[in-house]
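Reader: I would like a close look at a single part of this model, followed by a connected account of what surrounds it. Please take the surface first and then work inward.

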Amino acid sequence: MLVNTSHPGNIGASARAMKNMGLSNLALVDPEDFPSGVAVGRAASAIDIIESAQIFDSLEAAIADCSLVIGTSARSRKIPWPMLSPEQTAAKVLAEIDRNKVALVFGREDAGLNNDELQLCHYHVQIPTNENYSSLNLAAAVMVISYELRKAFAAESDNSEVKEDGFWDQEKATGEQVEHFYNHLERVMVAIDFHDPENPRQLMQRMRRLFSRIRIDVMEMNILRGILTNIELRIKNKQK
Ligand code: SAH
């Protein structure tokens, strides 16, 4: 997924990198200049990827049906977040791809992904670089990650996580399900006077980071939603 790309040439070059490495599903979030002849030109023989690219208004909409979201970032952000190396990213994707839809998210050429977008991700991945100049061209970053995926798929890496995930009895919750949960949780925390939206501190960010780390499954999510609903019912009954 490419978020708010300004230069269509980068979209074309990213599509080319993906096709070289055997990937095909490109999603564009609010691209500034697309469709574009420049993108087609830079895509070379990867025009099929450009033509079948899905377009979304927001990252939240683009990841609605994904249950593993990995965001790329050239630098560390304010709140520390679970980090993966490019190799670990590839191992994770390989371990989950049969069961869960995975998104790899790339940011704007000038400013990368913003904090809200980074908080929609379960993990962040940083490509190791010269520390004095860490920002790669967008399509070059797509190439590095795609190459790692290619290598991992070729090696059919057999780490313990592959096995563990294979035995899991439930699917992981999708982005959309998790967003409904956060809204519900926030509503209940306000209703019980635990959370003051006027003075939020970093409560919701910390809740997001907590549940991102856990990678909650659909059954666990339904249990938590059920608990929240009962809390709301109790409050309502008390008020009568
Ligand atoms: N100044 C921006 C850099 C944007 S570069 C920032 O600080 O994030 C455009 C995009 O390329 C980034 O959003 C990211 O998706 C990718 N990218 C560039 N360099 C990267 C790196 N070292 N590691 C991971 N992704 C990188």
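Is Lys78 buried or exposed, and what is its relative accessible area?

Author: In this predicted model, Lys78 is exposed, since its relative accessible area is 70%. Its place in the chain is the loop that runs between strand E4 (68–72) and strand E5 (83–84). As a gauge of distance, the C-alpha atoms of Lys78 and Thr229 lie 33 Å apart in space, while 151 residues separate the two in sequence.

The strand that leads into this loop has another setting. Five of the five residues of E4 are buried, so this strand is largely enclosed by the rest of the structure. Leu68, Ile70 and Thr72 point to one side of E4, whereas Val69 and Gly71 point the other way, and all of them are buried. Strands of a sheet pair through backbone hydrogen bonds, in either a parallel or an antiparallel sense. E4 pairs with strand E6 (residues 102–105) in the parallel sense, over four bridges. Within that pairing, Val69 has Ala103 of E6 as its bridge partner, and Gly71 has Val105. The side chains of E6 also split between two directions, with Val102 and Leu104 pointing one way and Ala103 and Val105 the other, and here too all are buried. E4 also pairs with strand E7 (residues 123–125), again in the parallel sense, this time over three bridges; the bridge partner of Ile70 in E7 is Tyr123.

Beyond the loop and E5, the chain reaches helix H5 (residues 86–96). Nine of the eleven residues of H5 are buried, so this helix, too, is largely enclosed by the rest of the structure. Among the buried residues are Pro86, Thr89, Lys92 and Glu96. Glu96 takes part in a salt bridge with Arg215, in which the closest N and O atoms are 2.9 Å apart. This pair links distant parts of the chain, for Arg215 lies in the loop between helix H10 (203–214) and helix H11 (218–239), 119 residues away from Glu96. Both partners fall under the 20% limit that defines a buried residue: Glu96 has a relative accessibility of 5%, and Arg215 has a relative accessible area of 7%.

The Glu96 and Arg215 pair belongs to a set of seven salt bridges that the structure holds. Side chains of opposite charge can pair when their charged atoms come close. A further example joins Arg187 and Glu232, whose side chains meet at 3.5 Å, N to O. Arg187 belongs to helix H9 (residues 175–191) and Glu232 to H11, so that parts 45 residues apart are linked. Arg187 is partly exposed at 47% relative accessibility, and Glu232 is also partly exposed, at 27%. Another salt bridge brings together Asp48 and Lys19, with an N to O distance of 3.1 Å. Because Asp48 lies in helix H3 (residues 47–51) and Lys19 in helix H1 (residues 8–20), this pair ties together parts that are 29 residues apart in sequence. Asp48 is partly exposed, with a relative accessible area of 40%, and the corresponding value for Lys19, likewise partly exposed, is 37%.

Two surface patches can be set beside these pairs. The nonpolar one, of about 570 Å², is made by Ile192, Phe194, Met219, Ile223, Ile227 and Ile231. Phe194 sits in the loop between H9 and H10 and is exposed, its relative accessible area being 58%. The negative patch is formed by Asp30, Glu32, Asp33, Asp57 and Asp110. Asp57, in the loop between strand E3 (54–56) and helix H4 (59–62), counts as exposed at 74% relative accessibility.

The strand that precedes Asp57 leads to a further sheet. E3 is part of an open sheet of three strands, arranged in the order E1-E2-E3 with parallel pairing. Its edge strands are E3 and strand E1 (2–3), each of which pairs on one side only. E1 and strand E2 (residues 27–29) pair in the parallel sense over two bridges, and the bridge partner of Val3 in E2 is Val29.

Technical notes
Residues are numbered from 1 along each chain as its sequence is written. This is a predicted model: local features need pLDDT of at least 70, side-chain atom pairs count only at pLDDT 80 or more; totals for chains, interfaces and linings use all residues. Side-chain values use heavy atoms; hydrogens and water are left out. Patches are made of residues with over 30% relative accessible area and no salt bridge: like charges are joined within 9 Å, nonpolar side chains (Val, Leu, Ile, Met, Phe, Trp, Tyr) within 5 Å. Accessible areas come from the Shrake-Rupley method with a 1.4 Å probe; for residues, only the protein chains shown count as cover. A salt bridge is a side-chain nitrogen of Lys or Arg within 4 Å of a carboxyl oxygen of Asp or Glu. Lys and Arg count as positive and Asp and Glu as negative; His and the chain ends are not counted. The place of a charge is taken as NZ of Lys, CZ of Arg, CG of Asp or CD of Glu. Buried means under 20% relative accessible area, exposed over 50%, partly exposed in between (1.4 Å probe, protein chains only). Two strands pair if DSSP finds at least two bridges between them.
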